[in-house]
Amino acid sequence: MSHITHLLGFPRIGAKRELKILLESHWKNELDEAALQQGAKELRQKHWLLQKGAGVALSPVGDFSLYDHVLDAQLLVGAIPPRFGFDAAALTTAQYFELARGNREQPALEMTKWFDTNYHYLVPEWQADTAFTAQPQRLLAQVREARALGVAAKPVLLGPLSLLWLGKAKGEAFDKLTLLPGLVAAYRELLAALRAEGAEWTQLDEPILALDLEPAWRDAFAPAYAELSPHAPKLLLATYFGGVAEHAAWLKALPVAGLHLDLVRAPEQIDAFAADYPADKVLSAGIIDGRNIWRADLSALQDQLAPLAERLGERLWLAPSCSLLHSPFDAAAETALDPELKSWLAFAVQKLNELKTLRRGLEQGRAAIADELAGSDFAREQRRASPRIHNPAVARRLAGLPENADRRASAYPVRAEKQQSWLKLPPLPATTIGSFPQTPAIRASRAAFKKGELAAADYQAAMEKEIELAIRRQEALGLDVLVHGEAERNDMVEYFGEQLAGFAFTQGGWVQSYGSRCVKPPVIYGDVSRPAAMTVDWARYAQSLSAKPVKGMLTGPVTILQWSFVRDDLPRGEVCRQIALALNDEVRDLEAAGIRVIQIDEPAIREGLPLKRHQRDGYLAWAGEAFRLSSHGVDDATQIHTHMCYSEFGDILPAIAALDADVITIETSRSDMELLADFGRFHYPNAIGPGVYDIHSPRVPTVAEIRALLKKALQVIPAERLWINPDCGLKTRGWPEVEAALAAMVAVGRELRAELAHTA
């Protein structure tokens, strides 16, 4: 009896971030389009051959993207926003990147988080008259590439319901579901073309099934798939990121050849599917964690799979829980990592081997994989018993917190008055989110210091020079609350994790965040504490350079948690509270050093929200408590800021208000400040700075654009509580565009202040 192993997707960036290098070289005009396309082709072919060598029976094709798979799905059905004026059938590579990054005339497509991950997708734009036309050429070409290598290809497409749901309605109000018939017709053509090309299987991803779907969306699946199935290859409907047990009855009745279930996030859902599973369908068991890096418990998984294999026979397929897009590439490359800790890890390549082992165990019996099972058991027990995992002092501190430890001493109006008494800020104060350009000189100095090629004193001098440059440029621009620019920071999470106990760092554990942007999440393996101050000296130096207030800059506990690979032997809420108390030590030290404006960034708080509504209150309770604990005990006159970006916040505004930050800065420009409508309805009680321009696009906003956005903001936010700022940090931009954009932003602020004074 044989069992197919397959993947839902594979990391695109490459073992050494080859895709990032290709893209950024092309954007700098150092690499022409032909070389970019050839490099991308070689990279994806290398990945297919790696999978083939690891025994993967069906390799995903179409999961590789030059920027974003949701953007690619839009192009497959010819759904380009008309504001760009592009022809979908003749779209050039340059135009593709303009959709993703914007151009002189048009801002880029809106960007937001892919469900509850740290991956950002480009949001489709739907109009009431959006028309769809199948454009299968690029996907068919990749199927042919795979076949030429002797690789069994499984084309992967974002399913039509999920693609439609993920987009936003633009222009006149309408029901997005009215577009479904036209979209399904385009998918029918795509699938027919794949079948004609010889594809035996095609995977359609429908991750929205893990949400609490409205009945109209749920009921749309059966007719849509009834129309698609007769024209398609065998269809594997893939769900992930949560359980779909509530849909089991009708999912099993859909006219598809197989279902994929995420049995890592929701192992219990197998009971709703396995007992009376249709005899004409395969069941793909997602039993290897596609989103974390801990080695699998092979013995437990073998026990879990054995009865399924006995019941389903060859109709049981084995797979990761979701695409390995969210996993680093290869743990074998981690030559500097502590050997014991390394033995606990499995990156994408190791996950392929885990799948191979489990398949062999099912086909040949446990004795055939006895050594692998013993190794897995040993690593698991070693990790459980390791003294590096537990710090009793951390547990005692959490247990000893006083009642209401997470609450400020006074309400916001009292605090705001005390803060303004010393800050003396003008109306509509202008600030930035924290970081300034990470120039080649900064990166070279940091790299030389890490390699031991630059002495500590010389490194400090180099960073202080960059800090002074940032302060002087902000003063010249006329900003009101300054930042030190974060020249010394490689990443907003990694920087802190490197200085906190309980964290470890990899050399090559990169994952894609969006486009060419990659992050290297820390590994939280043990109890978290702060051995020494992390930012105080840099902040104190920056404040010594200016009479204007300089913000202390910290990454918040929820974001550090969400953007790390988190230990799986403690509840996430407990780990988050540990991080919060470590950060609280830093906040107290900053305050004692005279830094009385402190920003605790939480861009990931929405990202961590459970997909099921009934699980959200519990998460928001511990996430909010953790944020408030991080500023526990500060004086009323100390102004606490937070920042959030690139997520939909409208449905959790009460929880955001409950964070009780004095000032929140939040991304709104890509969505034309549509979030402000939510703030208008909710009447957010504290100060807020809606971002006035998109920092992820290289285009410099005009004064007119910024003015229009701020005018919208003033319609729903009282002037005395409105701040002016960009959407996010500026580390990825260059100084010329940064200064031009900030100059425009400050100029608009001055104009509006004058208008307010005139009408007062």
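**Close-up views of a predicted model**

**View 1. Five strands form an open, parallel sheet.** In this predicted model, an open sheet is built from 5 strands in the order 16-18-19-20-21, and their pairing is parallel. The edges belong to strand 16 (552–555) and strand 21 (687–690); each has a single partner strand, so one side of each has no neighbour in the sheet. On average, neighbouring strands here are turned by 20° against each other, direction ignored.

**View 2. Strand 18 meets strand 19 inside this sheet.** Residues 597–601 (strand 18) and residues 639–644 (strand 19) pair in the parallel sense over 3 bridges. To find the pairing by eye, look for Val597, whose bridge partner in strand 19 is Gln639.

**View 3. Strand 9 is largely enclosed by the rest of the structure.** Spanning residues 258–262, strand 9 has 5 of its 5 residues buried, so the rest of the structure largely encloses it. Both of its faces are covered, with Gly258, His260 and Asp262 buried on one side and Leu259 and Leu261 buried on the other.

**View 4. Strand 9 has parallel partners in strand 8 and strand 10.** Strand 8 (residues 234–238) joins strand 9 through 3 bridges, and Leu236 stands opposite Gly258. Between these two strands the chain passes through helix 9 (residues 248–253), making a right-handed β-α-β crossover. Strand 10 (residues 282–288) is joined to strand 9 by 5 bridges, with Leu283 as the bridge partner of Leu259.

**View 5. His120 is a buried residue in strand 3.** Strand 3 covers residues 120–122, and His120 has a relative accessible area of 10%. A polar atom of the His120 side chain lies 3.3 Å from the backbone oxygen of Asn118.

Notes. Residues numbered from 1 in each chain as written. Predicted model: local features only at pLDDT ≥ 70, side-chain atom pairs only at ≥ 80, totals over all residues. Heavy atoms only, no water. Helix = DSSP H or I, 4+ residues; strand = E, 2+ residues; numbered from the N terminus. Buried < 20%, exposed > 50% of the residue type's maximum accessible area, 1.4 Å probe, protein only. Polar contact = N/O pair within 3.5 Å; in protein donor to acceptor, adjacent residues only side chain to side chain. Pairing = 2+ DSSP bridges. Axes fitted to C-alpha atoms, helices over the stretch in contact; angles between N-to-C directions. Right-handed = clockwise from strand over helix to strand, strands pointing away.
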